Amino acid sequence: MTAAVDVPRLAADGGLVLRGWELGDLPLVEEASGDGYIPLITTVPPVYSQAEGEAFVRRQWRRTATGVGYPFVIERVADARPLGTVGLWLREVGEGRATLGYWLAGSARGRGVAADALRAVSRWALEELRIPRLQLYVEPWNTASRRTAERAGFRSEGVLRGWQQVGAERRDMIMYARRSTDEVPGDGS
Ligand SMILES: CC(C)(COP(=O)(O)OP(=O)(O)OC[C@H]1O[C@@H](n2cnc3c(N)ncnc32)[C@H](O)[C@@H]1OP(=O)(O)O)[C@@H](O)C(=O)NCCC(=O)NCCS
C-alpha cells in the first residue's frame, strides 16, 4: 500500500471510541514507555522524553500517510481519556490478510477494554474494508491477550516456533485469526 488512509472514528462497546492519534495523547505514550513489555513489541520509546513521545505520534501519522495501516487510539468517551491503542496493519492486504496489534496503559487494564476495541475494529475491517482474514500473534504466556483475542472472535491456529524477535530472544507466537465467514456469538455481525 502506498495511498494514504484516513483513520475514522469508530464507536465501541463499553463507552469507548476509536480515533486517530493526537499530540494530546503523549501522557498515554509516557505511561506505556514505563511498561516492561510494550516497548519490546512496539516502537513506543523505552525511555520517555517529550521529543521521543512526539516522534512516536508522528510515526503513527506517517503510517496513515503511507497507507501502512490504521493506528487507532482507544478513548473513554466519559472523560475523553486515551487508554491504549489498536492497530490494523495492511502490509499483506493485497493477499487478503491484515494484522492487528493492541496494548493498554497499565492503569486501564482489567476491565476488558481491549476486547471491546478489538471487536469494533475487526467488525469494521471485515465488513467495511472487506478484508477476508484478520490475524494477530500472541505469546503463549500472555493470557490477557489470548483471552482478548478469543473474546473478539479470533481462533487459535497453532504455535509458530521462534516466530519473532522480542528483546534479546526469538519467541514463539500463537497465530490467531478471524475470517469474514466466521460466526462470532454476540458480535452482531
Ligand atoms: C493484552 C491487554 C491489552 C489486555 O488488556 P485488558 O483489556 O485490560 O484485559 P483484561 O485484564 O480485562 O483481561 C482479559 C481477560 O484475561 C483474563 N486475564 C488477564 N490476566 C490473566 C492472568 N494472568 N491469568 C489468567 N487470566 C487472566 C482476565 O480475567 C480477562 O478474562 P475474561 O475475558 O474471562 O473476563 C493488556 O494486558 C496489555 O496491554 N498488555 C501489554 C501489551 C500486550 O501484551 N499486548 C498484546 C500483545 S499480543
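D172 lies in strand β8 of what is a predicted model. With a relative accessible area of 34%, D172 is partly exposed, because the buried class ends under 20% and the exposed class begins over 50%. D172 touches E139, P140, V159, L160, R161, G162 and W163, leaving aside residues up to four places away in sequence. One of these contacts, G162, is 10 residues from D172 in sequence, and their C-alpha atoms are 4.5 Å apart.

The sheet that holds β8 comes next. It is open and built from eight strands in the order β1-β2-β3-β4-β5-β6-β8-β7, with mixed pairing. Its edges are β1 (10-12) and β7 (155-166), each of which pairs on one side only. Direction ignored, neighbouring strands of this sheet are turned by 30° against each other on average. At the β1 edge, β1 and β2 pair in the antiparallel sense over three bridges, and A11 stands opposite V17 in β2.

Helices pack on this sheet. Helix α3 touches β3, β4 (81-89) and β5 (97-104), and its direction makes about 130° with that of β3. Helix α5 (residues 143-151) touches β5, β6 (133-138) and β8 (169-179); the direction of α5 makes about 15° with that of β8.

The nonpolar interior can be followed from here. In soluble globular proteins, nonpolar side chains tend to be buried together. The largest nonpolar core in this model has 35 residues, and L88, L100, L134, L136 and F154 have the most contacts inside it. Two or more residues of this core come from each of β1, β2, β3, β4, β5, α4, β6 and β8. Helix α4 gives the most, with nine residues. L100 shows what such a position looks like: not counting residues up to four places away in sequence, L100 touches V86, G87, L88, L118, V121, S122, L134, Q135, L136 and F154. Apart from the largest core lies another, of 12 residues, with V29, F56, V57 and V73 among them.

F56 leads on to the aromatic residues. The structure holds six aromatic pairs. In one of them, the ring centres of W21 and F56 are 5.3 Å apart and the planes stand at 80°, so the pair is edge-to-face. This pair links distant parts of the chain, 35 residues apart: W21 sits in the loop between β2 (16-19) and α1 (26-33), and F56 in helix α3 (residues 50-65). Both partners have little accessible surface by the cut-off of under 20%: W21 is buried at a relative accessible area of 6%, and F56 is buried at 4%.

Y70 and W124 form another edge-to-face pair, with 4.9 Å from centre to centre and 90° between the planes. Because Y70 lies in strand β3 (residues 69-76) and W124 in helix α4 (residues 113-127), the pair ties together parts that are 54 residues apart in sequence. Y70 and W124 are both buried. Ring pairs also bring in F72, so that Y70, F72 and W124 form a cluster, in which two rings closer than the 6.5 Å limit between centres count as a pair.

A charged side chain also meets a ring: R63 lies over the face of W89, at 5.0 Å from the ring centre.

How values were computed. Residues numbered from 1 in each chain as written. Predicted model: local features only at pLDDT ≥ 70, side-chain atom pairs only at ≥ 80, totals over all residues. Heavy atoms only, no water. Phe/Tyr/Trp six-rings, centres within 6.5 Å; stacked < 30°, edge-to-face > 60°. Helix = DSSP H or I, 4+ residues; strand = E, 2+ residues; numbered from the N terminus. Buried < 20%, exposed > 50% of the residue type's maximum accessible area, 1.4 Å probe, protein only. Lys NZ or Arg CZ within 6 Å of the ring centre and 35° of its normal. Pairing = 2+ DSSP bridges. Axes fitted to C-alpha atoms, helices over the stretch in contact; angles between N-to-C directions. Contact = heavy atoms within 4.5 Å. Core = buried A, V, L, I, M, F, W, Y, C linked by side-chain atoms within 4.5 Å.
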